[in-house]
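Let's take a walk through this fold together, one stop at a time. Keep the viewer open and follow along.

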Amino acid sequence: MKKHISAFLVLVLALGALLVGLPRVAKAEDVKFEVKPDREEMAPGDKVEFTFTIINKSGNELLDCKIYLGDKPVADDVGNIPADGNPKPYTRKMDVTTEMLGQPLEFTLKSSD
């Protein structure tokens, strides 16, 4: 049975949380982090491809970036994000459990100093 996973689109992307560990970034609005799933409906246990797009206009390169779902790392090889304002897409396939369906998923972007 397919369940509607529009909740994936309701991602809590609090930029204050995104910038933990980024003391050099002066303004949160200078870093944008967007998440988009490849579909809105699926059967439980299917893989969903998420595209994460990061735009850094902060003036400082973001080093050693990682993406987390809650406190679990889901992408630890994103790398550095230059402060050139160009979008850097990153794609990751993830298994989505039945428990995740219908729930808001909070992805965060973290970087080392």
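Which residues does L69 touch, once those up to four places away in sequence are left out? Keep in mind as you look that this is a predicted model. The list runs V74, M94, M100, L105, E106 and F107. L69 itself sits in strand β5, which covers residues 62–69. Its relative accessible area is 18%, and since buried means under 20%, L69 counts as buried. Pick out L105 from those partners: 36 residues separate L69 and L105 along the chain, yet their C-alpha atoms are 7.0 Å apart.

Now zoom out to the core. In soluble globular proteins, nonpolar side chains tend to be buried together. Here, the largest nonpolar core has 24 residues. If you want to color the ones with the most contacts inside that core, choose F33, F50, F52, I67, V78 and F107. The elements that give two or more residues to this core are β2 (31–37), β4 (47–56), β5, β6 (72–81), β7 (88–95) and β8 (107–112). You've met F107 already, as one of the residues that L69 touches.

Next, look at how some strands line up. Strands of a sheet pair through backbone hydrogen bonds, either parallel or antiparallel. In this model, 3 strands make an open sheet, ordered β2-β4-β7, with antiparallel pairing. β2 and β7 are the edge strands: each has a single partner, so one side of each lacks a neighbour in the sheet. From one strand to the next, the twist averages 20°. Focus on β2 and β4 and you'll find 7 bridges between them, in the antiparallel sense. P37 stands opposite F50 in β4, and F50 is among the residues with the most contacts inside the core.

Back to β5 for an oddity. Most residues other than glycine have a negative phi, and most peptide bonds are trans. What is the phi of D64, which is not a glycine? It is positive, at about 50°. D64 lies in strand β5 and is partly exposed, with a relative accessible area of 38%.

Last stop: S111, over in strand β8. Is S111 buried or exposed? Buried, with a relative accessible area of 10%. The side chain of S111 has a polar partner, though: it reaches the backbone oxygen of L63 at 2.7 Å.

How values were computed: Residues numbered from 1 in each chain as written. Predicted model: local features only at pLDDT ≥ 70, side-chain atom pairs only at ≥ 80, totals over all residues. Heavy atoms only, no water. Helix = DSSP H or I, 4+ residues; strand = E, 2+ residues; numbered from the N terminus. Buried < 20%, exposed > 50% of the residue type's maximum accessible area, 1.4 Å probe, protein only. Contact = heavy atoms within 4.5 Å. Core = buried A, V, L, I, M, F, W, Y, C linked by side-chain atoms within 4.5 Å. Polar contact = N/O pair within 3.5 Å; in protein donor to acceptor, adjacent residues only side chain to side chain. Pairing = 2+ DSSP bridges. Axes fitted to C-alpha atoms, helices over the stretch in contact; angles between N-to-C directions.
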